[in-house]
Number of protein chains: 2
Amino acid sequence: MKMSSGVEWALHSCVTLSQSHEPVPAARLAELHGTPPAYTAKHLQALSRAGIVHSTMGQVGGYTLTRPASEISALEVVQAIDGDEPAYRCAEIRQRGPLGIPSERCSRPCAIARAMTAAQDAWSRALAQLSIADLAVDIDADSNGTAMPDIRRWLTTTRS
Amino acid sequence: MKMSSGVEWALHSCVTLSQSHEPVPAARLAELHGTPPAYTAKHLQALSRAGIVHSTMGQVGGYTLTRPASEISALEVVQAIDGDEPAYRCAEIRQRGPLGIPSERCSRPCAIARAMTAAQDAWSRALAQLSIADLAVDIDADSNGTAMPDIRRWLTTTRS
DNA sequence: TTCTCTCGGATATTTTCTATCCGAGTTCAT
DNA sequence: ATGAACTCGGATAGAAAATATCCGAGAGAA
């Protein structure tokens, strides 16, 4: 049970985008984060499909957040990249084998599946109550308030 | 982020083993659950390595639980099969790129990694407070009290 | 109108998971 | 005591998924 490495890039990208009201190209995000340009772009496309970022084509195009960073949860980003299907998928073992239970008697999910669903719900709640804006604040605090200004400055001044 | 399908087989196997004080061979568990025999055996070996089940060799050998089912958590079984390393592994993006933070300034983990760790902890807690005995009770209740007696009867009477 | 720069989906490569087989070791019956 | 049958255990192929990449389609600026 491991998460795609793209999740990390996507979350960092969203935090970066929260610092810019102008479109930021995928190649620029990849350069800032030191990640493979083409693969980073692919993950941003997933964010676009999920409605988290908006893509602008053309010469001064790039990606922008579709909503305020405080209204985008970390869970949305994770699900956009890693998929929204639960980690545990019940194969209905209880219906198989010599003691298999007929399906008409299986109205509610298996007890094991219920436990796994409850655990995943706890995981989801923890990420749902955390916004991209919260992450930006935390990252900025870790650097004594220099990280976000540095990003804003780099985005506006530096040109490849 | 998906969990190995062997987790489901392992949990069902542990519930079944909790109904027998005599060793149950891997092939028998596979037959009962309708799962691939060889692959089921491989997962039981993982449980053995984790100290959850004890293997007995020889003609009347098989697997038994090393502890009472009430003292074996679902989390232990999941970690034995799926591995105990966290789903999110921070690649330290904050240290890379033109705005990379020197490693000596990264005493605590990245804010994103902290959030992911907190989410995984919530998930782990939900599974840690659930025992194999609890699962057996729940599964039995779903069948109006017929499932566990049926398993005990099948284990003692049926012979391949 | 032309050109440059952007995103988007289709395409190879690597890694992981799934599934299987055969040998080492142990116990029971003779 | 001996032999035979049954068990687990690790090493071995095959399939699926994730990783990483490239090139074409589309939009805006000059």
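The surface near DNA strand D comprises 9 nonpolar, 10 polar and 3 charged residues, where Ala, Val, Leu, Ile, Met, Phe, Trp, Tyr, Cys and Pro count as nonpolar, Asp, Glu, Lys and Arg as charged, and the others, Gly among them, as polar. The model is predicted, with local features requiring pLDDT of at least 70 and side-chain atom pairs counted only at pLDDT 80 or more, while totals for chains, interfaces and linings use all residues. Residues are numbered from 1 along each chain as its sequence is written, chains are lettered from A and ligands numbered from 1 in the order in which they are written, and side-chain values use heavy atoms, with hydrogens and water left out.

Around DNA strand D there are 22 residues, of which Ser4(A), Gln45(B), Ser55(B), Gly58(B) and Tyr63(B) come nearest; a residue is near a molecule or strand if one of its heavy atoms lies within 4 Å of it. Sugar or phosphate contributes 70% of the atoms of DNA strand D within 4 Å of the protein, and bases contribute the rest. Phosphate oxygens of DNA strand D lie 3.0 Å from a polar side-chain atom of Ser4(A), 3.3 Å from a backbone N or O atom of Ser5(A) and 3.1 Å from a backbone N or O atom of Ala26(B). At least two residues of the surface near DNA strand D are supplied by each of H3 of chain A, H3 of chain B and strand S2 (62–65) of chain B; helices (H or I, at least four residues) and strands (E, at least two) are DSSP runs, numbered from the N terminus.

DNA strand C is surrounded by 23 residues, and Gln45(A), Ser55(A), Gly58(A), Tyr63(A) and Ser4(B) come nearest. Of the atoms of DNA strand C that come within 4 Å of the protein, 71% are accounted for by sugar and phosphate. A phosphate oxygen of DNA strand C is 3.2 Å from a backbone N or O atom of Ala26(A). Sugar or linking oxygens of DNA strand C lie 2.9 Å from a polar backbone atom of Gly58(A) and 3.1 Å from a polar side-chain atom of Gln59(B). Helix H3 (37–49) and strand S2 (62–65) of chain A, and helix H3 (37–49) of chain B, each give at least two residues to the surface near DNA strand C. This surface near DNA strand C has 10 nonpolar, 10 polar and 3 charged residues.

Between the protein chains, 49 residues of chain B are in contact with 49 residues of chain A, contact meaning heavy atoms within 4.5 Å. The area buried between chain B and chain A is about 4,500 Å², 68% of it from carbon and sulfur atoms; buried area is the accessible area (1.4 Å probe) that two parts lose on being put together, summed over both. Met1(B), Glu8(B) and Ile93(B) lose the most area to chain A within chain B, together 18% of what that side buries.

Chain B and chain A are joined by 3 salt bridges, each a side-chain nitrogen of Lys or Arg within 4 Å of a carboxyl oxygen of Asp or Glu. One salt bridge pairs Arg114(B) with Asp142(A), with the closest N and O atoms 3.1 Å apart.

Chain B superposes on chain A by a rotation of 180 degrees with 0.0 Å of shift along its axis (RMSD 0.0 Å), the relation of a two-fold axis; the fit is by least squares on the C-alpha atoms of residues with pLDDT of at least 70 in both copies. Because 100% of the interface residues of chain B are also interface residues in chain A, the copies meet through the same surface.

Technical notes: A polar contact is a pair of N or O atoms within 3.5 Å; within protein, one must be able to donate a hydrogen and the other to accept it, and residues adjacent in sequence count only if both atoms are side-chain atoms.
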